[in-house]
Amino acid sequence: MLERTNRTFQKWQVPLYLLAVAAAAAFGLMRPQAAAELDSGINPVLGLLLFATFLAIPLTRLVGALRNIRFLLAVVILNFLAVPLVGWLLSRVVAADAELLIGLLLVLLAPCVDYVIVFTRIAGGAGHQLLAATPVLMLLQVVLLPVYLSWFAGGALGEVVTPEPFVHAFTWLIAVPLVSAMLVQLLARRFRSAEVLEDLMDLLMVPLMILVLFLVVASQASSVKADFSRLLAVVPLYVLFLVIMLPLGKGISRIFKLAVPARRALVFSGATRNSLVVLPLALAMPEPFALVPAVVVAQTIIELLGMLIYVKVVPRLIPEKLGLGSSSNS
């Protein structure tokens, strides 16, 4: 029964995600007073989603992924050298509007460490490789995001961003779910109840993603509506970012001679941004940057639509017959 239900969720997950976004936008516009309550539910549900995601990746493959220095190096170069250059170029279009500028840079400069694994797995990519790279991605964005913001948007903006929100996000959204998933996997070898929990969380992965998307979009819908005309300026930039990252990610993956699953994972890592994790940071911005959360959420919506295309395009762009490298890269 659980397996059949899970197959149904997997089959219909794309239209379900779209429906969640549409329903969230409608609800958020009709009930703007509920934004604060909805926002407070994002992190707990996101933590559960990540727990389910980590639980689906075998620990034996994770250990091997940690040894894949070539993939980690490719991820770092793509996300912290190539992407910042692309982000800087795109940000010049809105450089005169401080709120749009800081919001766009905040989200584009932070690589995704959560649902990128979900979409990577859907497209046949090496989700375990991205999981292994997660601590590196989090640590480097904690260190480099204030630096890049200072360079690209001015020193005063860089001072607004502190490492505490990222440390908090890493602890509760990455470390705790990851360690919990590891513990459950170990217990599942000896206890039936832990194995049942694994199956249950696998079943809940799609519903949890739907709930996260609903909470994020609904909590910011009224803000998006209030400044819709201004936010339109960043929409084509987010679309262009996704278009650019397809050949850029593929090119870097070829330079490093990665196997097909790792290549696909690299493309997704470069294209997806840390919108759900940086949203609490955006919400903590001072009054002069009150529009920043809406700028971040606008990217979430565009990225989600883009990922629905990516999961179809990336396997065709990087087909199995192009596989290179040893099995350690897969």
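Trainee: What joins the side chains of Thr 300 and Ser 275, and why is it called a polar contact?

Mentor: The two side chains are joined at 3.1 Å, and a polar contact is a pair of N or O atoms within 3.5 Å, where within protein one atom must be able to donate a hydrogen and the other to accept it, and where residues adjacent in sequence count only if both atoms are side-chain atoms. The value of 3.1 Å lies within that limit, so the pair of Thr 300 and Ser 275 qualifies. Bear in mind that this is a predicted model, in which local features need pLDDT of at least 70 and side-chain atom pairs count only at pLDDT 80 or more, while totals for chains, interfaces and linings use all residues. Residues are numbered from 1 along each chain as its sequence is written, and side-chain values use heavy atoms, with hydrogens and water left out.

Trainee: Is Thr 300 buried or exposed, and how do you know?

Mentor: Its relative accessible area is 2%, and buried means under 20%, exposed over 50% and partly exposed in between, with a 1.4 Å probe and protein chains only, so Thr 300 is buried. Thr 300 belongs to helix H16 (residues 292-317), helices being DSSP runs of H or I with at least four residues, and strands runs of E with at least two, numbered from the N terminus. Leaving aside neighbours within four places in sequence, Thr 300 is in contact (heavy atoms within 4.5 Å) with Tyr 115, Val 216, Ser 275 and Leu 276.

Trainee: What makes helix H15 (residues 275-283) largely enclosed by the rest of the structure?

Mentor: Of its 9 residues, 7 are buried, and the conclusion about enclosure follows from that. Ser 275 and Leu 276 are among the buried residues of H15, as are Val 277 and Val 278.

Trainee: Why is helix H6 described as largely enclosed?

Mentor: The reasoning for H6 (residues 98-108) rests on 10 of its 11 residues being buried, including Glu 99 and Leu 100. At the N-terminal end of H6, Asp 97 acts as a cap, with a side-chain oxygen 3.2 Å from the backbone nitrogen of Glu 99.

Trainee: Which residues form a nonpolar patch on the surface, and what makes it a patch?

Mentor: Leu 85, Trp 88 and Leu 89 form it, with about 290 Å² of accessible area together. Patches take residues with over 30% relative accessible area and no salt bridge, joining like charges within 9 Å and nonpolar side chains (Val, Leu, Ile, Met, Phe, Trp, Tyr) within 5 Å; a salt bridge would be a side-chain nitrogen of Lys or Arg within 4 Å of a carboxyl oxygen of Asp or Glu. The areas come from the Shrake-Rupley method with a 1.4 Å probe, and for residues only the protein chains shown count as cover. Leu 85, in helix H5 (residues 69-91), has 52% relative accessibility and so counts as exposed.

Trainee: What is the phi of Lys 257?

Mentor: It is positive, about 55°, although Lys 257 is not a glycine. Most residues other than glycine have a negative phi. Lys 257 sits in the loop between helix H13 (235-255) and helix H14 (260-271).

Trainee: How many helices and strands does the chain have, and what makes it as compact as a globular protein of that length?

Mentor: There are 16 helices and 0 strands. The radius of gyration is 19 Å, close to the 20 Å that the globule rule gives for 330 residues, so the chain is as compact as a globular protein of that length; the radius is taken over C-alpha atoms, and the rule is 2.2 Å times the number of residues to the power 0.38.
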